[in-house]
Amino acid sequence: MADLFAPPPSETPRHTPQTGGPLADRLRPRALSEVIGQSHLTGPDGAIGRMVAAGKLSSMILWGPPGTGKTSIARLLADAVGMRFIAISAIFSGVADLKKVFAEAEAMALTGRRTLLFVDEIHRFNRAQQDGFLPVVENGTITLVGATTENPSFALNAALLSRAQVLILHRLDAGALGELLRRAEEETGLALPLTPPAREALVASADGDGRFLLNQVEMLLDVDLPAPLDPEALSKFLMRRVAVYDKDRDGHYNLISALHKSLRGSDPQAALYYLARMLVAGEDPMYVLRRLVRFASEDIGLADPQALIQCLAAKDSYEFLGSPEGELAIVQACLYCASAPKSNAAYAAMKAAWKAARETGSLSPPPSILNAPTKLMKDIGYGKDYAYDHDAPDGFSGADYWPEEMGARTFYRPVERGFEREIAKRLDWWDRKRRERRGES
């Protein structure tokens with residue numbers, strides 16, 4: 001006979017840490033006040049703290065790096081306000097699973113029980129699946145708590161975002177990770193076999209991920225070491241964590257943006273740091289080189305024409321040498337671009353010229369500068385009265401090259417920095433000569 005008092009089959013059981021289980025599981029917080037590193041959300045003045053105090057939750061998206069407490073917070077939220085807790089993963093769930101969850105939530109709502117649906121990796125659902133949440137979120141059938149490591153602006157539908165708060169979790173800093181180590185030692189009754197510098201190195205190796213740190217701690221405590229490890233011995237004992245970096249996702253765009261902005265801001269030290277972050281994490285060096293070449297044209301341009309040459313030389317050098325030797329050429333190009341005088345005059349000129357080309361359509365150039373390879377073309381005036389510049393004493397005719405219906409415009413305005421100072425002088429000289437030839441004052 002079925003147990004009439006058992007929870008619905010799909011309800012996720014309340015989490016009870018098991019003695020002797022994985023350390024990360026045993027140290028899961030039992031109350032929001034025990035969550036580490038997210039007090040800006042869980043504290044009395046935080047968004048989550050205020051919702052819990054009011055006893056009413058709104059749907060939310062928890063956005064943050066791995067191992068920062070997203071799942072724990074979702075479980076504790078349901079406990080704090082007495083809601084039914086359902087957890088699914090977007091990786092393993094489909095439309096049929098969602099329909100079943102929604103139907104059960106509707107049935108439970110009739111009995112007065114509200115449902116908190118936690119969706120891990122919510123960005124893995126496609127656009128159509130995400131749209132499926134809209135009616136049940138809007139009518140209150142479920143309170144949705146989604147967790148994602150991806151930027152919600154890119155990964156989630158605008159309609160879903162408009163119905164949920166986006167709450168940002170911070171990567172765990174050294175203080176928070178240090179507190180996790182203290183709790184781990186208290187839970188196990190064992191002291192970590194590390195020297196103080198090695199303890200700091202262990203924290204740094206976690207890269208803000210509490211779960212990873214506790215897994216490393218468990219490995220250390222499982223062996224009998226004759227003496228505390230120093231940083232060098234620790235690095236040999238533990239596999240160093242690879243930096244979190246999705247080469248086709250948010251981390252990729254964040255770091256290339258940081259590199260570009262550091263270059264533009266003429267900070268070679270910061271630029272070199274972000275370059276290192278990308279290459280150490282496994283970014284394709286050719287992608288970085290393409291971005292440097294673009295930067296040399298967009299942000300330096302003719303203020304230092306050598307910047308583009310340096311970047312192309314770095315590309316050739318890297319293709320010739322490969323990694324790791326060729327990476328020094330990338331560093332050289334990066335430092336050259338960061339320290340070069342900056343100008344976006346060529347980039348601005350390009351945008352202005354392209355805009356004018358789209359607006360003016362197919363205006364014909366002056367007939368005088370059109371070639372006339374046939375008699376007909378000569379008869380209708382092509383090439384008539386063309387002034388050949390080299391026939392002039394100073395190699396300059398001062399002719400008008402603009403379509404008659406358009407008139408002369410100025411797209412390129414060199415700045416008073418770097419080589420563009422010299423270009424500005426040249427342009428001034430040509431303009432003065434042009435006015436002289438045309439009899440203008």
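**Close-up views of a predicted model**

**View 1. A salt bridge within helix α10 of this predicted model.** The side chains of R182 and E186 pair up here in a salt bridge, with 2.8 Å from N to O. Both residues sit in helix α10, four residues apart, which is about one turn of the helix. R182 is partly exposed, at 39% relative accessibility, while E186 is exposed, with a relative accessible area of 60%.

**View 2. R437 meets D394 in a salt bridge.** The closest N and O atoms of this pair are 2.5 Å apart. R437 belongs to helix α21 (residues 420-437) and D394 to the loop between α20 (375-379) and α21, so the bridge ties together parts that are 43 residues apart in sequence. Returning to helix α10 for a moment, salt bridges that share partners join E179, R182, R183 and E186 into one network. As for accessibility, R437 is partly exposed, with a relative accessible area of 36%, and D394 is partly exposed too, at 28%.

**View 3. R26 and E187 form a salt bridge between helices α1 and α10.** Here the closest N and O atoms are 3.4 Å apart. R26 lies in α1 (residues 23-26) and E187 in α10 (residues 174-188), so this pair ties together parts that are 161 residues apart in sequence. R26 counts as buried at 16% relative accessibility, whereas E187 is partly exposed at 38%. The structure as a whole holds 23 salt bridges.

**View 4. The largest nonpolar core has 27 residues.** Have a look at L259, L263 and V288, which touch the most other members of this core. Two or more residues come from each of α14 (250-264), α15 (268-280), α16 (285-300), α17 (306-321) and α18 (327-339). Of these, α16 gives the largest share, eight residues. Beyond its neighbours in sequence, L259 touches A271, Y274, L275, M278, V288 and C334. Another core, of 24 residues, lies apart from this one and includes L27, L172, L177 and A184.

**View 5. Helices α17 and α18 side by side.** Their axes come within 8 Å and cross at roughly 170°, and with an angle over 145 degrees counting as roughly antiparallel, the two helices are therefore roughly antiparallel to each other. Among the residues that meet are A307, C311 and Y318 from α17 and I330, A333 and Y336 from α18. The residues of this contact divide into nine nonpolar, four polar and one charged.

**View 6. L167 in strand β5.** At 5% relative accessibility, L167 is buried. Its C-alpha atom is separated by 6.0 Å from that of I61, 106 residues away along the chain. L167 also touches other residues, including L41, M51 and W63.

How values were computed: Residues are numbered from 1 along each chain as its sequence is written. This is a predicted model: local features need pLDDT of at least 70, side-chain atom pairs count only at pLDDT 80 or more; totals for chains, interfaces and linings use all residues. Side-chain values use heavy atoms; hydrogens and water are left out. Buried means under 20% relative accessible area, exposed over 50%, partly exposed in between (1.4 Å probe, protein chains only). Contact means heavy atoms within 4.5 Å. A nonpolar core is a set of buried Ala, Val, Leu, Ile, Met, Phe, Trp, Tyr and Cys residues joined through side-chain atoms within 4.5 Å. Axes are lines fitted to C-alpha atoms, for helices over the stretch in contact, and angles run from 0 to 180 degrees between N-to-C directions. Angles under 35 degrees count as roughly parallel, over 145 as roughly antiparallel, 65 to 115 as roughly perpendicular and the rest as oblique. Ala, Val, Leu, Ile, Met, Phe, Trp, Tyr, Cys and Pro count as nonpolar, Asp, Glu, Lys and Arg as charged, and the others, Gly among them, as polar. A salt bridge is a side-chain nitrogen of Lys or Arg within 4 Å of a carboxyl oxygen of Asp or Glu. Lists of a residue's contacts leave out its neighbours within four places in sequence.
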